[in-house]
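The following exercises concern salt bridges and ligand contacts. Please work through each task before reading its solution.

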Amino acid sequence: MTRTFSGLDPARVAANVADVRSRIAAAAGRANRDPDAIELLAAVKYVPVEELGTLREAGLELFGENRAQELETKAEAHPDARWHFIGQLQSRKVRQLVPRVELIHSVASDSALKELGRHGTPETEVLVEVDVAGEASKAGITPEALGEFIARCPVRVTGLMAMPPATSAPGASRPHFARVRELAEEHGLARLSMGTSQDFEIAVEEGATIVRIGSVLFQGAG
Ligand SMILES: *Cc1c(COP(=O)(O)O)cnc(C)c1O
């Protein structure tokens with residue numbers, strides 16, 4: 001169901017970016033947080049590599065991609081941008097990803113741990129994806145299994161990532177985000193990757209340090 005955004009209008013994207021940044025700042029203000037402590041990651045799975053220049057002109061510089069192959073292509077075209085991996089980690093792809101990304105958001109399987117043990121370096125940094133909503137169909141480590149999973153991770157774990165259920169009511173994500181923050185505190189982790197177009201303001205209020213935003217950055221008629 002992935003929609004592709006192409007023919008992006010630079011002025012439109014710049015206006016969207018400004019709007020998102022001001023909404024992040026307002027949400028940070030409501031929570032007495034420093035807005036500079038929150039990174040805006042542009043989720044670019046919807047955007048073809050040819051259009052990335054438009055996003056960079058709009059001032060975006062941190063990009064997240066879900067597929068290893070796409071990440072490789074896009075990071076090769078824009079090696080001076082910052083790249084994070086936000087998709088489901090397939091063990092076969094870990095080796096090629098590691099040198100290209102600053103952070104892997106979505107470590108959630110034993111096979112990923114095994115590959116990280118093989119291909120990780122002292123610089124490799126990851127987040128563990130948690131499933132706080134108890135969605136059996138979703139990737140993510142349960143809160144109960146988290147401590148043990150982190151202990152077994154062969155590279156540096158600096159935070160948690162979460163992807164709450166899709167909802168039309170952003171407030172529905174709040175208890176999930178609050179739980180993720182609690183878990184991060186329990187495990188002494190500083191980084192929290194949570195919040196998408198549907199609920200990023202709530203995520204910021206609840207402590208997100210990285211919000212992963214796609215569609216609202218790209219929408220609107222050119
Ligand atoms: C696509 C994606 C996002 C961004 O979602 P939008 O609803 O387009 O803002 C964030 N995180 C992950 C893991 C994604 O795959």
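**Exercise 1.** State how many salt bridges the structure holds, and explain why E115 and R118 are separated by about one helical turn.

*Solution.* The structure holds 22 salt bridges, each being a side-chain nitrogen of Lys or Arg within 4 Å of a carboxyl oxygen of Asp or Glu. One of them joins the side chains of E115 and R118, at 2.8 Å from N to O. These residues are about one helical turn apart because they lie 3 residues from each other in helix α5 (residues 110–119).

The model is predicted: local features need pLDDT of at least 70, side-chain atom pairs count only at pLDDT 80 or more, and totals for chains, interfaces and linings use all residues. Residues are numbered from 1 along each chain as its sequence is written, and side-chain values use heavy atoms, without hydrogens and water.

**Exercise 2.** Identify the closest residues around the ligand and its polar contacts (pairs of N or O atoms within 3.5 Å).

*Solution.* Step 1: 13 residues surround the ligand (a heavy atom within 4 Å); the closest are K45, N66, S197, G214 and S215.

Step 2: ligand oxygen atoms lie 2.7 Å from a side-chain N or O atom of K45 and 2.9 Å from one of Y46. A backbone N or O atom of G214 is 2.8 Å from a ligand oxygen.

Terms used:
A polar contact is a pair of N or O atoms within 3.5 Å; within protein, one must be able to donate a hydrogen and the other to accept it, and residues adjacent in sequence count only if both atoms are side-chain atoms. Helices (H or I, at least four residues) and strands (E, at least two) are DSSP runs, numbered from the N terminus.
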